[in-house]
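User: I've got a fold up on screen and I'd like to know what stands behind the labels. Can you take me through them?

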Amino acid sequence: METISTVTKFDKIKNKEKGFIVITTQSHEFNIIHRVSCSYIMKKHFIKKMDSKVKKGDYLWFDSIDQVKQEFSDLRDCKQCNPLDRKLRFS
Ligand SMILES: [Zn+2]
């Protein structure tokens, strides 16, 4: 797991197009998982989050879905990129 703390790092991870990004919130009730390639992962959103006067969360990068599941038990699936594949989860 890596915390994406700078724009340089954000670009590097986006360019690799590999792995998953979890966007955390202060409440930890609405942590959302995305694929790195997801169109919802945008630099302007990242910069806005990093710029907040009271930082409310992080962008975390994970190599594999198994690593994510070790760290978080409760995640919201991005509706755009569907990384957790809900169809399988409820079978
Ligand atoms: Zn997504």
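Analyst: Sure, starting with the sheet: 5 strands make up an open sheet, ordered E1-E4-E2-E3-E5, with mixed pairing. E1 (2–3) and E5 (76–77) are the edge strands, each with a single partner strand, so one side of each has no neighbour in the sheet. This is a predicted model: local features need pLDDT of at least 70, side-chain atom pairs count only at pLDDT 80 or more, and totals for chains, interfaces and linings use all residues. Residues are numbered from 1 along each chain as its sequence is written.

User: What makes E2 and E4 strands that pair?

Analyst: Strands are DSSP runs (E, at least two residues; helices are H or I, at least four), numbered from the N terminus. Two strands pair if DSSP finds at least two bridges between them. E2 (residues 20–23) and E4 (residues 59–62) have 4 bridges and run antiparallel, so they meet that definition. Phe20, for one, has Phe62 as its bridge partner in E4.

User: Why is H1 said to lie largely in the open?

Analyst: Buried means 20 or more other C-beta atoms within 10 Å of the residue's own, exposed means 12 or fewer, and partly exposed is in between; C-beta atoms are placed from the backbone. In H1 (residues 7–16), 1 of the 10 residues is buried, so the helix is largely in the open.

User: Which residues have the most contacts inside the largest nonpolar core?

Analyst: They are Phe20, Ile21, Val22, Tyr59, Leu60 and Phe62, in a core of 15 residues. E2 and E4 are the elements giving it two or more residues. A nonpolar core is a set of buried Ala, Val, Leu, Ile, Met, Phe, Trp, Tyr and Cys residues joined through C-beta atoms within 7 Å.
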